[in-house]
Amino acid sequence: MTGGGEPRSGLSGRLSGPVRSVWAKHDRDTEGWLPLWCHMEDSGAVAGLLWDHWVPSNVRSLVAESLPGGDEDARRLAVWLAAVHDIGKATPAFACQVDQLADRMRGEGLEMPTRRQFGPDRKLAPHGLAGQVLLGEWLEERHGWTRKQSGQFGIVPGGHHGVPPEHGQIKELDDRPHLLRTPGPSRPVWQRVQDKLLDACAAVCATDAVARRRRCLG
């Protein structure tokens, strides 16, 4: 793990400012940590290798047949979905869990309550569910997708730990927006960070595939 990540190609070259302080992994023994942008980049890279060398050809064909760009679009889509699967970690409900890393983010303008201040409500925003909501908002608000269209992709981050969220869980989180973005002056900073991460993943991984897939969904 790193202490913030050294500049490199891919996502890193597109990201600066508060977004680089957002964490994804923390090692309690060493206090090392992995930035979210780095975890997203690594996840996409691993997905590409799995697609090329492990996913059965009939599965690749099944995905590819519904995309205008065929195999190329299918690979891009798989890599992009893997890259964005943990976007729900870019939320105060997740970031507050490690005090020193949360303080680092607060220093960059990403204010958040402490874990104790959140209380039991924090458990209503597990990062998978939070990721489903954030990805859905990004597809709908920034790219004009319908709720039905976005849901077909949002379920990937939403269910990446094995169990897709239920409608009631989504409703409970919708009623508690403070779990996704801290209200007040910090809220637009959280919004920019989330959008920057998703924008960068789309640009690096799958911009064309995402746009063309929407047309296929109708």
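**Close-up views of a predicted model**

**View 1. Trp 23 and Phe 94 are both buried.** Keep in mind that this is a predicted model. Here the two rings make an aromatic pair, with 4.7 Å from centre to centre and 35° between the planes, which counts as tilted. Trp 23 sits in strand E1 (residues 23-26) and Phe 94 in helix H4 (residues 92-95), so the pair ties together parts that lie 71 residues apart in sequence.

**View 2. Trp 80, Trp 138, Trp 145 and Phe 153 gather in one aromatic cluster.** Pick out the three Trp residues and the one Phe to see who takes part. Across the whole structure, a search turns up 4 aromatic pairs.

**View 3. The largest nonpolar core has 58 residues.** Trp 23, Trp 80, Met 105 and Leu 197 are the members that touch the most other members. Elements giving two or more residues to this core include E1, strand E2 (33-35), helix H3 (70-84), helix H5 (99-106) and helix H7 (127-143). Which element gives the most? That's H10, with 9 residues. H10 is a helix that covers residues 187-217. As a bit of background, nonpolar side chains in soluble globular proteins tend to be buried together. Trp 23, one of the residues touching the most other members here, turns up in View 1 as well, where it is buried along with Phe 94.

**View 4. E1 and E2 form a hairpin.** The two strands pair in the antiparallel sense, over 3 bridges. His 26 stands opposite Trp 33, which belongs to E2. Between the strands there are 6 residues, and in this hairpin Glu 31 takes a positive phi near 65°. Both strands also show up in View 3, as each gives two or more residues to the largest nonpolar core.

**View 5. Val 46, Leu 50 and Trp 54 make a nonpolar surface patch.** This patch covers about 340 Å². Leu 50 is part of helix H1. Is Leu 50 buried or partly exposed? Its relative accessible area is 40%, so Leu 50 is partly exposed. Helix H1 isn't all about the surface, though: H1 also gives two or more residues to the largest nonpolar core.

**View 6. Ala 45 is another residue of helix H1 (residues 36-53).** With a relative accessible area of 48%, Ala 45 is partly exposed. Now look across to Val 79: the C-alpha atoms of Ala 45 and Val 79 are separated by 7.1 Å, while the two residues are 34 residues apart along the chain.

Note on methods. Residues numbered from 1 in each chain as written. Predicted model: local features only at pLDDT ≥ 70, side-chain atom pairs only at ≥ 80, totals over all residues. Heavy atoms only, no water. Phe/Tyr/Trp six-rings, centres within 6.5 Å; stacked < 30°, edge-to-face > 60°. Helix = DSSP H or I, 4+ residues; strand = E, 2+ residues; numbered from the N terminus. Buried < 20%, exposed > 50% of the residue type's maximum accessible area, 1.4 Å probe, protein only. Patch = residues over 30% accessible without salt bridge, like charges linked within 9 Å, V, L, I, M, F, W, Y side chains within 5 Å. Areas by Shrake-Rupley, 256 points an atom, 1.4 Å probe, with all protein chains shown as cover. Salt bridge = Lys/Arg side-chain N within 4 Å of Asp/Glu carboxyl O. Core = buried A, V, L, I, M, F, W, Y, C linked by side-chain atoms within 4.5 Å. Pairing = 2+ DSSP bridges.
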